[in-house]
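Colleague: I am new to this structure and would like a close look at one part of it. Please start from a single residue and work outward.

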Amino acid sequence: MERLKSEFLESLKENLGNHKEKESIIAEYEMHLDELLLSLYQMEYDEIREEVYSRFGTPEEIAAMWKEELSYTPSNMKWLFIAVNILFFTGGAVLTLAHNLLDWEWLTNLWFNLASFPIIIAFIYMFFWALLGYEIGRGFGHKGKRVMKRTFIFALIPNVTLMVLTVFHLIPREWFYPLLTETFIGVCIFLTLLLYPVCIISYRWGKKASI
C-alpha cells in the first residue's frame, strides 16, 4: 500500500508542476489516501489500485482539475453570490413596490400566488445558501473556508437590513400582506439563524466532492 501511495503522490506532484497550492493539495490527497487505503486493506494490490484510481481519478486528471480551478478566483466567486443575493432582494423590492403602487390585475394575481406558498419560497432560498457553501467548498477546497465566511457576511447584509426595517416597522408591513404574518416573521428569523450552519455543512460537502 505504501508503494501505491508513494507512486500516486509522486505522479500527482509531478503533474501539478509549479501549482501555487501544490503542497497543500498533496497533503490533502495524502490524508484521503490514508483513509481509503486503511478501509481497503483486505483487498489485493490490483484491486486497491483500481479502487483508488476509480475514486480519485488519475494524477493527470486531478492535476488538470486543479489547474483549471486557478481560473476561478475567490474574489469572483464571492461577488457572484453577493450579486445574486442582491438581485433577489432587488427583484422582490420592485415586485412589492409595483404591487402596492400600480393597479395591475395580473400583478396582483402574481403577488397573491407567490404569497400563497411562503414556506416553499423560504426553503428554495435556503437552497441558494447551501449552493453558496457547496460551490466554494468544491471550487477552493481547504482554502475556501475564509472565502465562504467573507461571502456569507457580505451576502447577509440585505437580509439583516430588511429584517430590521420590517421588525421595527420602518417599512409598512401592510405592503407585504398577506405574506408577513407574525408566524412567518418568526420562521424567517429562525431560518436566518440556520443559514451559517447550512453554509458550513454544504462547504464541507463541496470540499469532499472536490477530492
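Does Gln42 count as buried or exposed, and at what relative accessibility?

Modeller: This is a predicted model. Gln42 counts as exposed, because its relative accessibility is 67% and the cut-off for exposed is over 50%. The residue belongs to the loop between α2 and α3. To place that loop, look at the helices on either side and at their partner, α1.

Take α2 to begin with. Helix α2 covers residues 22–39, and helix α1 covers residues 2–16. The two pack at an angle of about 155°, and their axes lie 10 Å apart. An angle over 145 degrees counts as roughly antiparallel, so α1 and α2 are roughly antiparallel to each other. Their crossing is right-handed. On the α1 side, the contact is made by Leu4, Lys5, Phe8, Leu9, Leu12, Lys13 and Leu16. On the α2 side, the residues are Lys22, Ile25, Ile26, Tyr29, Glu30, Leu33, Asp34 and Leu37. Sort the contact of α1 with α2 by class and you get 10 nonpolar residues, five charged ones and no polar ones.

Now cross the loop to α3. This helix runs over residues 45–56. The axes of α1 and α3 come within 11 Å and cross at roughly 35°. Here too the crossing is right-handed. From α1, the contact uses Arg3, Leu4, Glu7 and Phe8. From α3, it uses Tyr45, Ile48, Arg49, Val52, Tyr53 and Phe56. By class, the contact of α1 with α3 holds seven nonpolar and three charged residues, with no polar ones. Leu4 and Phe8 of α1 take part in the contact with α2 and also in the contact with α3.

One more helix belongs in this picture. Ala64 is in helix α4, which spans residues 59–69. At 43% relative accessibility, Ala64 counts as partly exposed. The C-alpha atoms of Ala64 and Leu16 are 7.8 Å apart in space, though 48 residues separate the two in sequence. Leu16 is the residue listed above in the contact of α1 with α2.

From here, go farther out. Gln42 and Phe152 are 44 Å apart, C-alpha to C-alpha, and 110 residues apart in sequence. Phe152 is a useful landmark. It is among the residues with the most contacts inside the largest nonpolar core, which has 20 residues. The others in that group are Trp129, Leu132, Ile136, Met148, Leu195 and Cys199. At least two residues of this core come from each of α5 (74–101), α7 (118–140), α8 and α9 (182–209). Helix α7 gives the most, with seven residues. Cys199 shows how the core is joined. Leaving aside neighbours within four places in sequence, Cys199 is in contact with Trp129, Leu132, Gly133, Met148 and Phe152. Apart from this core lies another, of 18 residues. Leu12, Leu16, Ile25 and Phe56 are among its members, and these names bring us back to the helices around the loop. In soluble globular proteins, nonpolar side chains tend to be buried together.

Two of the helices that supply the largest core also pack on each other. Helices α7 and α9 have axes 7 Å apart and an angle of about 30°. Angles under 35 degrees count as roughly parallel, so α7 and α9 are roughly parallel to each other. Helix α7 passes α9 in a right-handed crossing. Their contact divides into 19 nonpolar, four polar and two charged residues.

End with a contrast to Gln42. Pro158 is found in helix α8, residues 144–167. Pro158 is buried, because its relative accessible area is 19% and the cut-off is under 20%. Neighbours within four places in sequence aside, Pro158 is in contact with Asn85, Ile86 and Phe89. So the two residues fall on opposite sides of the scale: Pro158 is buried, whereas Gln42 is exposed.

Key
Residues numbered from 1 in each chain as written. Predicted model: local features only at pLDDT ≥ 70, side-chain atom pairs only at ≥ 80, totals over all residues. Heavy atoms only, no water. Axes fitted to C-alpha atoms, helices over the stretch in contact; angles between N-to-C directions. Helix = DSSP H or I, 4+ residues; strand = E, 2+ residues; numbered from the N terminus. Parallel < 35°, antiparallel > 145°, perpendicular 65-115°, else oblique. Left-handed = near helix turned anticlockwise from the far one by under 90°. Contact = heavy atoms within 4.5 Å. Nonpolar A, V, L, I, M, F, W, Y, C, P; charged D, E, K, R; others polar. Buried < 20%, exposed > 50% of the residue type's maximum accessible area, 1.4 Å probe, protein only. Core = buried A, V, L, I, M, F, W, Y, C linked by side-chain atoms within 4.5 Å.
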